[in-house]
Amino acid sequence: MTSDRPSEVFVQELTTGLQSALGVDLVALYLYGSSVSGGYDEGVSDIDLLAVTAPDVSEIDIAGIDAFHQLVVARHPEWDDRLEVVYVGRETLADFRAGGPLAIISPGEPFHIRDGVELWLQNFYLVRDTGVTLFGPDAANIIPAISWSEFMTATTRYADEVRGRSLRDATPGTRAYGVLTMCRALRTIQSERPCSKQEGAAWVRSRMPEWAWLIDAAERCRLSRGQVGFADDETVAAAELLIRRLGDEIAGAPILLDHPTPQ
């Protein structure tokens, strides 16, 4: 089932809760991803938030924030394993290309601190491009400008990572995610603008109708959160072949130096 975005009441609960948990340490909070740019599926899609903190994430109340995350899931079990909240210190974000730490809770991972903030360039670009400000200043005043070529380079790199994981991991959900993510990446590069998984799937389906059955199966598997299909030998072999084919196209696509005019 597709709806426009998560409940405004739930988003407000997250905003209020994080303001309470972080207090004056919270500089800004942004909602981005399918929740605002399209392709949000009720009961399936994640909610994506970027929280910018005044101090470095090593100095924020990790235990208090983790307790808040657990409280949210206890109150709203339908959001279990569907929250992705990235916490980045303001100074780290201002110079993110130099690297640094971030704290994150995401599907399949507990709340933790890790290095590699520079690898989140795609997310930061999308926050600047389509994000909704829930608290604090406009994202353009917090996140440095990111060029189209940087975004496309990061998109290509992430597609290659997904390709590798999808071919190694035998779970139906991971393979389905791989197919749909590769569709989105190729369509983004070829159409010269970001898109949702659904838009990418529809574009590849029309461009390669012989693969429509597999893309349909990937979408059904995704909507079931990995519980339906995409596990038989024929589908697995076909998924590996399509992922490799799309990956080769993505790797060979030229990257524009300037941001294209939106179509």
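## A walk through the model: salt bridges, cores and a pocket

Start by selecting Arg222 and Asp41, whose side chains form a salt bridge with N and O 2.5 Å apart. Arg222 sits in helix H9 (residues 212–223), while Asp41 is in the loop between helix H2 (34–37) and strand E2 (47–53), so this pair ties together parts 181 residues apart in sequence. Turn on the surface and look for Asp41: at a relative accessible area of 3%, that residue is buried. Keep in mind as you go that you're looking at a predicted model.

Stay around H9 for the next stop. Pick Arg205 and Asp216, another side-chain salt bridge, at 3.0 Å from N to O. Here Arg205 belongs to helix H8 (residues 197–207) and Asp216 to helix H9, so the bridge ties together parts that are 11 residues apart in sequence. Are these two buried or exposed? Neither, quite: Arg205 is partly exposed at 22% relative accessible area, and Asp216 is partly exposed too, at 29%. Add Glu219 to the selection and you have a network of salt bridges linking Arg205, Asp216 and Glu219.

Now go to Glu210 and Arg245, a salt bridge whose closest N and O atoms are 3.7 Å apart. Glu210 is in the loop between H8 and H9 and Arg245 is in helix H10 (residues 233–252), so this one ties together parts 35 residues apart in sequence. Glu210 is partly exposed, at 46%, and so is Arg245, at 37%. In total, the structure has nine salt bridges.

Time to head inside. Show Leu50, Phe124, Ile143, Val179 and Phe230: within the largest nonpolar core, which has 52 residues, these touch the most other members. Colour helix H7 (residues 172–191) as well, since the largest share of this core, eight residues, comes from there. Which residues does Val179 contact, beyond its neighbours within four places in sequence? Select Ile215, Ala218, Phe230, Ala239, Leu242, Ile243 and Leu246 to see them. A second core, separate from this one, has 25 residues, including Phe10, Leu22, Ile65 and Val85.

Last stop: the second largest pocket, with a volume of about 160 Å³. Centre the view on Val73, Asp80, Asp81, Ile105 and Glu109, which lie nearest its centre among 15 lining residues. Helix H3 (62–75), strand E4 (101–106) and strand E5 (109–115) each supply at least two residues of that lining, with H3 giving the largest share, four residues. Colour the lining by class and you'll find six nonpolar, four polar and five charged residues.

Notes. Residues numbered from 1 in each chain as written. Predicted model: local features only at pLDDT ≥ 70, side-chain atom pairs only at ≥ 80, totals over all residues. Heavy atoms only, no water. Core = buried A, V, L, I, M, F, W, Y, C linked by side-chain atoms within 4.5 Å. Buried < 20%, exposed > 50% of the residue type's maximum accessible area, 1.4 Å probe, protein only. Contact = heavy atoms within 4.5 Å. 1 Å grid on protein atoms, 1.4 Å probe; cavity = no way out; pocket = protein on both sides within 12 Å on 5 of 7 lines; lining within 4 Å. Points joined across faces, edges and corners; volume = space filled by probe spheres on them. Nonpolar A, V, L, I, M, F, W, Y, C, P; charged D, E, K, R; others polar. Salt bridge = Lys/Arg side-chain N within 4 Å of Asp/Glu carboxyl O.
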